[in-house]
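Got the viewer open? Here is a short tour of what to select and what to look for at each stop.

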Amino acid sequence: VQLQASGGGLVQAGGSLRLSCAASGGTFSSYVMGWFRQAPGKEREFVAAINWNGGSTYYRNSVKGRFTISRDNAKKTVYLQMNSLKPEDTADYYCAADTYGVTDAKAASREDEYDYWGQGTLVTVSS
């Protein structure tokens, strides 16, 4: 499974970006997909996750109401719509795949649940 993240960039505070993560290989439609981020000098942290059919989504508290994760299984792509961006959202954003495909709110936030990772896409939010 290969994951290719894109869509990062420079945006002013209050603005929006949409990240995409395209998958190749494997059975995308059965995977739990997640987004994580890593700010300079900080550890990587969970942002959002979505189950195989989009019926369940999970978010870290600081992005609830501002970010939306979604997926298109036909296109083998997961998205992260980010609105009302804040300078503290600045980070490298990574998508990840949990090929086991079964999750809950607790498991979805754990890095060790994911077995494939894409490269990061940088999001910079200026104040």
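## Starting at a small strand

Begin by selecting A97 and Y116: Y116 sits in β10 and is the bridge partner of A97. Before going on, keep in mind that you are looking at a predicted model. Now widen the selection to the two strands around that bridge. Strand β10 covers residues 116-117, and β9 pairs with β10 in the antiparallel sense over 2 bridges.

## Around strand β9

Stay with β9 and bring in its other partners. Select strand β4, residues 32-38: β4 and β9 are antiparallel too, paired over 7 bridges. For a landmark in this pairing, pick F36, which stands opposite Y94 in β9. Next, add strand β11, residues 121-126, which runs antiparallel to β9 and is joined to it by 3 bridges. Here the landmark is A91, standing opposite V123 in β11.

How many of the 8 residues of β9 are buried? Colour the strand by accessibility and you should find 7 of them buried, so to speak of β9 as mostly covered is fair.

## The disulfide

Now select C21 and C95. These two form a disulfide, with their sulfur atoms 2.0 Å apart. A disulfide is a covalent bond between the sulfur atoms of two cysteines. The count for this model comes to 1 disulfide. Look along the S-S bond of C21 and C95: with 60° about that bond, the link is right-handed. Then zoom out to see what is being linked. C21 belongs to strand β3 (residues 17-24) and C95 to strand β9 (residues 91-98), so the pair connects distant parts of the chain, 74 residues apart.

Are the two cysteines buried or exposed? C21 counts as buried, at 1% relative accessibility. C95 is buried as well, with a relative accessible area of 0%.

## From C21 into a sheet

Keep C21 selected and add A5: C21, in β3, is the bridge partner of A5. That bridge belongs to the pairing of β1 and β3, which is antiparallel and runs over 5 bridges. Select β8 and β7 as well, and you have an open sheet of 4 strands in the order β1-β3-β8-β7, with antiparallel pairing. Why do β1 and β7 each have one side without a neighbour in the sheet? They stand at the edges, each with a single partner strand, so one side of each is left free of a neighbour in the sheet. Ignoring direction, neighbouring strands of this sheet are turned by 15° against each other on average.

## Into the core

Time to look inside. Select M33, W35, L80, M82 and Y93: these have the most contacts inside the largest nonpolar core, which has 28 residues. The elements giving two or more residues to this core are β1 (2-6), β3, β4, β5 (45-50), β7, β8, β9 and β11. In soluble globular proteins, nonpolar side chains tend to be buried together.

Hold on to M33 and show what surrounds it. Leaving aside residues up to four places away in sequence, M33 touches a set of residues including L3, C21, F28, I69, V78 and Y114. Apart from the largest core lies another core, of 8 residues, among them V32, A49, Y58 and A108.

## Aromatic rings

Go back to F36 and add Y114. How many aromatic pairs does the model have? The count comes to 4 aromatic pairs. F36 and Y114 form one that is edge-to-face, at 5.2 Å centre to centre and 80° between the planes. This pair also links distant parts of the chain: F36 is in strand β4, while Y114 is in the loop between α1 (105-108) and β10, 78 residues apart. Both F36 and Y114 are buried. Add F46 and W117 to complete the view: F36, F46, Y114 and W117 form one aromatic cluster.

## Two loop stops

Finish with two loop residues. Select K76, in the loop between β7 (67-72) and β8 (77-82). Its phi is near 55°, a positive value in a residue other than glycine. K76 is partly exposed, with a relative accessible area of 32%.

Then move to S84, in the loop between β8 and β9. S84 is not a glycine either, yet has a positive phi of about 50°. At 40% relative accessibility, S84 counts as partly exposed.

Note on methods:
Residues are numbered from 1 along each chain as its sequence is written. This is a predicted model: local features need pLDDT of at least 70, side-chain atom pairs count only at pLDDT 80 or more; totals for chains, interfaces and linings use all residues. Side-chain values use heavy atoms; hydrogens and water are left out. A disulfide is a pair of cysteine sulfur atoms within 2.5 Å. Buried means under 20% relative accessible area, exposed over 50%, partly exposed in between (1.4 Å probe, protein chains only). Two strands pair if DSSP finds at least two bridges between them. A nonpolar core is a set of buried Ala, Val, Leu, Ile, Met, Phe, Trp, Tyr and Cys residues joined through side-chain atoms within 4.5 Å. Contact means heavy atoms within 4.5 Å. Axes are lines fitted to C-alpha atoms, for helices over the stretch in contact, and angles run from 0 to 180 degrees between N-to-C directions. Rings of Phe, Tyr and Trp (its six-membered ring) pair if their centres lie within 6.5 Å; planes under 30 degrees apart count as stacked, over 60 as edge-to-face and the rest as tilted.
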